[in-house]
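Student: I should like a close look at a single part of this structure, namely the sheet and what is attached to it. Please state the cut-offs behind each term.

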Amino acid sequence: EERLEGNDFRFRDGTWFDFFNDYIATDLIDNDVVEFNCKVTKVEYSSTPAKVTCSNGNSYQANHVVVTVPIPILKRGDI
């Protein structure tokens with residue numbers, strides 16, 4: 001990684017996704033703390049732990065939540 005201005009970094013031999021996939025997601029998936037194909041309908045983060053509610057009625061609490069959203073959704077302002 002290469003340090004840029006402030007607290008920003010640039011990955012030289014990969015991307016943030018590669019880092020996340022190789023070092024973070026693997027442990028999370030192995031420990032069953034990732035829910036796939038679950039449309040999130042609500043994220044309450046005004047207190048710790050945060051609470052995430054899915055359209056199937058399941059809800060989860062965690063000290064940290066990772067949200068991944070396609071760029072077009074962000075550009076449309078859907079969330």
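Tutor: The following account treats the sheet, the disulfide, the cis peptide bond and the pocket in turn.

The model is predicted, so local features need pLDDT of at least 70 and side-chain atom pairs count only at pLDDT 80 or more, whereas totals for chains, interfaces and linings use all residues. Residues are numbered from 1 along each chain as its sequence is written, and side-chain values use heavy atoms, with hydrogens and water left out.

The sheet is open and has three strands in the order β3-β4-β5, with antiparallel pairing. Helices (H or I, at least four residues) and strands (E, at least two) are DSSP runs numbered from the N terminus, and two strands pair if DSSP finds at least two bridges between them. The edge strands are β3 and β5, each of which pairs on one side only. On average, neighbouring strands of this sheet are turned by 15 degrees against each other, direction ignored; axes here are lines fitted to C-alpha atoms, for helices over the stretch in contact, and angles run from 0 to 180 degrees between N-to-C directions. Four bridges support the antiparallel pairing of β3 and β4, and V43 stands opposite V52 in β4.

The loop between β3 and β4 contains P49, and the peptide bond from T48 to P49 is cis, with omega near 5 degrees. In general, most peptide bonds are trans.

Strand β4 also takes part in a disulfide (a pair of cysteine sulfur atoms within 2.5 Å). C38 is joined to C54, with an S to S distance of 2.0 Å. Because C38 lies in the loop between α1 (16–30) and β3 (40–44) and C54 in strand β4 (residues 50–54), the pair ties together parts that are 16 residues apart in sequence. C38 is buried at a relative accessible area of 16%, and C54 is buried at 5%; buried means under 20%, exposed over 50% and partly exposed in between, with a 1.4 Å probe and protein chains only. A search of the whole structure finds one disulfide.

Finally, the largest pocket is lined by 33 residues, of which E35, V65, V66, V67 and T68 lie nearest its centre. The elements giving two or more residues to this lining are α1, β3, β4 and β5 (59–62). A pocket is an open set of points on a 1 Å grid over the protein atoms alone, where a 1.4 Å probe fits, with protein on both sides within 12 Å along at least five of seven lines; lining residues have an atom within 4 Å of a point. The largest share of the lining, seven residues, comes from α1.
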